[in-house]
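Reader: I am new to this structure and would like to learn how to read it. Could you take me through it one feature at a time?

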Amino acid sequence: LLTFLLVWLLGFLLADIGNLRGPDFLEISRRHVNAALTDRAAALEKQIGEIDLQVNRQREIQQNLQQSMNNARETMQQMMSLHRLSLEQKVTPNDPEREALATSQKRFLDAQERYEQANAAISNSNQAKFDLGQELKSVRLDIENQHQPARQEFDRLARRHRLKVASLKLAFIVPLFLLA
């Protein structure tokens, strides 16, 4: 029973030695990577996200305008059919009919113009997103280049830490076994 308890105690002690805190990659990374670059990358990602929201909103507006244009086109076609029918019957359309046709044409043209404006806004936003994406790509490449020395230092410190842990375990176990 005493042997069992001692082996169990040894397991806990070796586990505690194995849990010694090693090097922190984030801390090493902070020392090697320019903070302004990481801040710039975060700002660019935020701007790209905002542009995505703007594009989505413009697409929603376009869908609404498309429905409005379809309704206006349908009304305009009905009014033109009535107008054509009146002319075929040699009846001059009255003022309310002409006004209704003009109004439906104006609504259709206004909706079409706003649709084109939304389309231009989407195009501009996509161009800005592309430009920001290219800049973000460049910034990430710079960050990646600065991460190389950080990784090398982390690997070196991690190897040193593993050797330290192994030597501590051996320094604890070997004398204990020799004593036993």
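Reader: Let me start with a single residue: is F154 buried, partly exposed or exposed?

Author: Happy to help, and please keep in mind that this is a predicted model. Buried means under 20% relative accessible area and exposed means over 50%, with partly exposed in between. F154 has a relative accessibility of 24%, so the residue counts as partly exposed.

Reader: How do I read a pair of aromatic rings, and how many such pairs does a search of the whole structure find?

Author: A pair of aromatic rings is described by the distance of the centres and the angle of the planes. The search of the whole structure turns up three aromatic pairs. W8 and F12 form one that is tilted, at 5.5 Å centre to centre and with 40 degrees between the planes. These two residues are four apart in helix 1, so about one helical turn separates W8 from F12. Another pair joins F25 and F154: the ring centres are 5.4 Å apart and the planes stand at 85 degrees, so this pair is edge-to-face.

Reader: Where do F25 and F154 lie?

Author: F25 belongs to helix 2 (residues 25-32) and F154 to helix 4 (residues 95-179), so their pair ties together parts that are 129 residues apart in sequence. F25 is partly exposed, with a relative accessible area of 27%.

Reader: Back to the rings of helix 1. Which residues do ring pairs link into a cluster?

Author: The cluster consists of F4, W8 and F12, linked by ring pairs. Those residues also appear on the surface: together with L1 and L5, they make a nonpolar patch of about 630 Å². As for F12, its relative accessible area is 48%, so F12 is partly exposed.

Reader: Now for charges. What should I look for, and how many salt bridges does the structure hold?

Author: Side chains of opposite charge can pair when their charged atoms come close. There are eight salt bridges in this structure. Take R30 and E27, whose closest N and O atoms are 3.5 Å apart. They sit three residues apart in helix 2, so the separation is about one helical turn. R30 counts as exposed because its relative accessibility is 57%, while E27 is partly exposed at 37%.

Reader: Which salt bridge links distant parts of the chain?

Author: E153 and R31 meet through their side chains in a salt bridge, 3.2 Å from N to O. E153 is in helix 4 and R31 in helix 2, 122 residues apart. With 15% relative accessibility, E153 counts as buried.

Reader: Which residue forms a salt bridge with K106?

Author: That partner is D110, and the closest N and O atoms are 3.0 Å apart. K106 and D110 are four residues apart in helix 4, so about one helical turn lies between them. D110 is partly exposed, with a relative accessible area of 32%.

Reader: Last, the helix in between. How many residues does helix 3 have, and what caps its N-terminal end?

Author: Helix 3 covers residues 35-88, which makes 54 residues. From its first C-alpha to its last it reaches 77 Å, close to the 80 Å expected at 1.5 Å a residue. At the N-terminal end, N34 acts as the cap: one of its side-chain oxygens lies 3.0 Å from the backbone nitrogen of A36. After helix 3 comes K90, which has a positive phi, near 60 degrees.

Definitions and conventions: Residues are numbered from 1 along each chain as its sequence is written. This is a predicted model: local features need pLDDT of at least 70, side-chain atom pairs count only at pLDDT 80 or more; totals for chains, interfaces and linings use all residues. Side-chain values use heavy atoms; hydrogens and water are left out. The expected span of a helix is 1.5 Å times one less than its number of residues. A polar contact is a pair of N or O atoms within 3.5 Å; within protein, one must be able to donate a hydrogen and the other to accept it, and residues adjacent in sequence count only if both atoms are side-chain atoms. Patches are made of residues with over 30% relative accessible area and no salt bridge: like charges are joined within 9 Å, nonpolar side chains (Val, Leu, Ile, Met, Phe, Trp, Tyr) within 5 Å. Accessible areas come from the Shrake-Rupley method with a 1.4 Å probe; for residues, only the protein chains shown count as cover. A salt bridge is a side-chain nitrogen of Lys or Arg within 4 Å of a carboxyl oxygen of Asp or Glu. Buried means under 20% relative accessible area, exposed over 50%, partly exposed in between (1.4 Å probe, protein chains only). Rings of Phe, Tyr and Trp (its six-membered ring) pair if their centres lie within 6.5 Å; planes under 30 degrees apart count as stacked, over 60 as edge-to-face and the rest as tilted.
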